Amino acid sequence: MHSFPGVVAVGYINEAIDEGNPLRTLETLLLPTANISDVDPAHAQHYQDVLYHAKSQKLGDSESVSKVLWLDEIQQAVDEANVDEDRAKQWVTLVVDVNQCLEGKKSSDILSVLKSSTSNANDIIPECADKYYDALVKAKELKSERVSSEGSWLKLNLNEKYDYCYNIDSKEGSWVIPESCLYKESWLTGKEIEAFWKGCKQRKVYMHRRQTFIDNTDSIVKIQSWFRMATARKSYLSRLQYFRDHNNEIVKIQSLLRANKARDDYKTLVGSENPPLTVIRKFVYLLDQSDLDFQEELEVARLREEVVTKIRANQQLEKDLNLMDIKIGLLVKNRITLEDVISHSKKLNKKKGGEMEILNNTDNQGIKSLSKERRKTLETYQQLFYLLQTNPLYLAKLIFQMPQNKSTKFMDTVIFTLYNYASNQREEYLLLKLFKTALEEEIKSKVDQVQDIVTGNPTVIKMVVSFNRGARGQNTLRQLLAAVVKEIIEDKSLIINTNPVEVYKAWVNQLETQTGEASKLPYDVTTEQALTYPEVKNKLEASIENLRRVTNKVLNSIISSLDLLPYGLRYIAKVLKNSIHEKFPDATEDELLKIVGNLLYYRYMNPAIVAPDGFDIIDMTAGGQINSDQRRNLGSVAKVLQHAASNKLFEGENEHLSSMNNYLSETYQEFRKYFKEACNVPEPEEKFNMDKYTDLVTVSKPVIYISIEEIISTHSLLLEHQDAIAPEKNDLLSELLGSLGEVPTVESFLGEGAVDPNDPNKANTLSQLSKTEISLVLASKYDIEDGEAIDSRSLMIKTKKLIIDVIRNQPGNTLTEILETPATAQQEADHATDMVSRAMIDSRTPEEMKHSQSMIEDAQLPLEQKKRKIQRNLRTLEQTGHVSSKNKYQDILNEIAKDIRNQRIYRKLRKAELAKLQQTLNALNKKAAFYEEQINYYDTYIKTCLDNLKRKNTRRSIKLDGKGEPKGTKRAKPVKYTAAKLHEKGVLLDIDDLQTNQFKNVTFDIIATEDVGIFDVRSKFLGVEMEKVQLNIQDLLQMQYEGVAVMKMFDKVKVNVNLLIYLLNKKFYGK
């Protein structure tokens, strides 16, 4: 503990330090109570500097509790200052003595001067005295040359904190630098002097050590060897133990590295423009076909056949059901007999459940019979349809050679059948190529103005829309629209009627029906007159508001579901936009996008919104239907969206809807972005990963299921228009048609004995049998031929397969290196083993998936013979420009790499296709079940009709209860009214050529007939029967729905339709 007087002294000293006055600080240090020793008044300034620096450090120390210097710290600072003074004097002595010695050229004195002036005389080596002197002289001379004028002051920076100055003339030193002083620049400083003698010392030590090493080289080498060995052994054992301790982690790391290497190799295979052979060799095993591949191919083929058959069956059922609707409707109106309906019903039940009768006798006889001639014909047809399928130009030309009504039927049957309704990726790709070719041809030859696409009815556009709204596209439309359409239909409170006249008439009808009295309002009004009534305006505004709200929901559903839009439809929209722009380069972007909108919205979506029940957008129960109000609501929404999509405002007769024009403009901008983005799709080659070689590398051959009638029809059309679609005699199509000859008959397809020649209904039987479907395994004409006639594409495929066989068993950096290096015996043996394994796999391969005989024979060749054949094939391919020896045949290696990539993608697509086919088949089965439900409903209805015919009493109407039994009531009594009474009730408005006061002489008898809803009306004048007419309650209701307020009877009697319905309901139905 410090005494109290000492504490006071500490306070004084710290205050003096803070003031910065050296004299004041000196006074406080000399205070007796401070008890500070060794204080020299001559060093006052340096005491101040050291103390101030010490206190500053303490203030900057965050861990220091006290912020003042205590006595012990002050004493320490004073001692430090005294030491600094001694060091400064020693430095001055060294600098002055050495420099004066050098100036006096006293070389003999240099050693004694250095020893006397340094703190450690042992550091000075006497043997180096001359070197010291020479080096110092040379340094001083060099320094003096750069000095022009100098003073007498020397400067020392001590501890890089304090400056000390010394005047060599006055021999006085100071810790305060004089204001104007010139330094002795030519003299060497203390640091420079020390550097010379320390350098000499180090050099001497180094030379001595170096000589020691030279004298003991052998021993040093042994020591180094032993040390390195021990260090390496220690490091190895430590590393080995580390690996043992982390065995699991190391295995994972190695696995990761191998996987990373494999990934890098695959990236090279996929991303490199010219992947090396060493990389291709690692992945060539991916081209092998496993049992799972064959099973999936067979399953795809089976499902595809089932889907195509189901589509055709459902289409036929739909046609028959539509015809049944018509027949039942006509039955109600007594236009046909009940027997006609029953006959059609029996025919429909034969097809119930979508079971199309497909005869199998063609498998054993007819075109598929085992005879050389029939087999040749079958193969030619398979080649013909393959050519039509893969070369879209033929069908594109054929479509435009036929009349439109005939081409439409041809498209709906033969073309979609030829492409299996695009049931897989390959066929969708080929169908899109046909659409593209045909559309470009149609635009080129038939479109004269940009608007022709919108105002006309282009054949290809119709094809595209029909296809995308068919079996494959319905699901998309359901996803796009089902939710919002269902919401509109189920909203019972939603009323949208934007026709002022209809709103007016509905209002008048409502008034008359509620009151039973004739309205004094006029029946026929114009739009302008209808809008003068506040009630009409209010109803119209409410409808417009509802319309805007509901339209927004439909629009949002469409805009947010761009990804759901079928790729094929988007691609054709892109082709349409580009083709129009190419033909009409001055067309604006808006004009082009309106044409795209015409396809995507107006032709594809709009009909499905207007009639969702007709496009399977919503599920309808058998006998269920959309009522007139629901239909009008949907139609109004569709109308607004149609105007928005085409950027057409409400004007002219739609002027009353002009309040929606701003909304239309905003909606058009939304549609514009949507149409533009819809066209942003890749080309089919990129989307489906297809090219001209795809068919040659896939496992299974394409199969179509086509009826005999369609084969004959196609053959006939091709012959009829051959000059237009294949004018060249050496054209492949002409060659195939020449091989087939004349158009065959149905009997020639079916074979002898398929139809009894004595059958009186032979024509009808043949007509039914012509719908028999057969499967055609399509193949290129060049795939079947062998030998030198094979084309370069097939040669390329064969060569690739041979190369794959070779590189499996013989490694090498380049293909030429492998082909030129003889195979070893072991490589030949390995190759033979691989070929035996392949032969076993081929034996299990289904017939339609097997390779051609020539490829099988090539596979059995020894390794060296395969290499020779590869070399011959490569020379041939080089002549055709497919490969080049200059790049060591890298082109064919690139093709093999592409096949490997495609095989993985193909397997992935095949799995997706399996799932899609199963999904499509489930949807088709549901649709078939719905048709069955409708058939059952019709059966019940017809049975009821038959039961009613058997009853003796006449029924007023036919209704169905829960058990399907008819219910009815007896016929009502006739009703008699005078014209005056009907005029008083407002039912009768006027009678031509008869005054009102004569109405009492005219009577009308209204009699309910045996037919439901049919009434006989007899007119009498003065008791004499004049004329008779029949009224149908359904016709009256239809007039009311259409807004017809007044009708004529007997061509002269005007009656109020609403009040006449009211009268009939009241008198005959008790309503």
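This is a walk through the model, stop by stop, with something to select at each one.

Before you start clicking, note that the model is predicted: local features need pLDDT of at least 70, side-chain atom pairs count only at pLDDT 80 or more, and totals for chains, interfaces and linings use all residues. Residues are numbered from 1 along each chain as its sequence is written, and side-chain values use heavy atoms, with hydrogens and water left out.

**Stop 1: helices α13 and α14**

Select Q389, which sits in helix α13 (residues 372-390). Helices here are DSSP runs of H or I with at least four residues, strands are runs of E with at least two, and both are numbered from the N terminus. Q389 has 1% relative accessibility and so counts as buried; buried means under 20% relative accessible area, exposed over 50%, and partly exposed in between, with a 1.4 Å probe and protein chains only. Show polar contacts (pairs of N or O atoms within 3.5 Å; within protein, one must be able to donate a hydrogen and the other to accept it, and residues adjacent in sequence count only if both atoms are side-chain atoms). The side chain of Q389 reaches the backbone oxygen of L418 at 2.8 Å.

Now select 392-401, helix α14: 7 of its 10 residues are buried, so the helix is largely enclosed by the rest of the structure. Among those buried residues are Y394, L398 and F400.

**Stop 2: two helix crossings**

Pick helix α18 (residues 459-468) together with helix α24 (residues 589-610); their axes come within 10 Å and cross at roughly 60 degrees. Axes are lines fitted to C-alpha atoms, for helices over the stretch in contact, and angles run from 0 to 180 degrees between N-to-C directions. That crossing makes α18 oblique to α24. On the scale used, angles under 35 degrees are roughly parallel, over 145 roughly antiparallel, 65 to 115 roughly perpendicular, and the rest oblique. The crossing of α18 and α24 is right-handed, a label for a near helix turned clockwise from the far one by less than a right angle, with anticlockwise being left-handed.

Then switch to helix α20 (residues 500-515) and helix α22 (residues 534-559), which pack at about 120 degrees with their axes 9 Å apart. These two are therefore oblique to each other as well, and their crossing is right-handed.

**Stop 3: N873**

Go to helix α39 (residues 863-879) and pick out N873. At 10% relative accessibility, N873 counts as buried. Add T799 to the selection: it is 74 residues away along the chain, yet the two C-alpha atoms are separated by 6.5 Å.

**Stop 4: the four-stranded sheet**

Color the strands of the open sheet ordered β8-β10-β11-β12, which pair antiparallel. β8 (975-978) and β12 (1024-1032) are at the edges with a single partner strand each, so one side of each has no neighbour in the sheet. From one strand to the next, the twist averages 20 degrees. Strands count as paired if DSSP finds at least two bridges between them; β8 and β10 (residues 1002-1008) have 4. To trace the pairing, match K976 with D1005 and Y977 with F1004.

Which side chains of β8 are buried? V975 and Y977 point to one face and are buried, while K976 and T978 point to the other and are not. Alternation between the two faces of the sheet is what side chains do in a regular strand.

**Stop 5: the three-stranded sheet and its loops**

Next comes an open sheet in the order β9-β14-β13, again with antiparallel pairing. Its edges are β9 (988-991) and β13 (1046-1049), each with a single partner strand, so one side of each is left without a neighbour. Ignoring direction, neighbouring strands are turned by 25 degrees against each other on average. β13 and β14 (residues 1053-1056) are joined by 4 bridges, and M1047 has V1055 as its partner.

Two loop residues are worth a click. D993, in the loop between β9 and β10, has phi near 60 degrees, positive though it is not a glycine. F1050, in the loop between β13 and β14, is also a non-glycine with a positive phi, about 55 degrees. Are they buried or exposed? D993 counts as exposed at 83% relative accessibility, whereas F1050 counts as buried at 8%.

**Stop 6: helix α43**

Finish on residues 1057-1068, helix α43, whose 12 residues reach 16 Å from first C-alpha to last, close to the 16 Å expected at 1.5 Å a residue. That expected span is 1.5 Å times one less than the number of residues. At the N-terminal end, N1056 acts as a cap, with a side-chain oxygen 3.0 Å from the backbone nitrogen of N1058. Of the 12 residues in α43, 9 are buried, so the helix is largely enclosed by the rest of the structure; they include L1060, L1064 and F1068.
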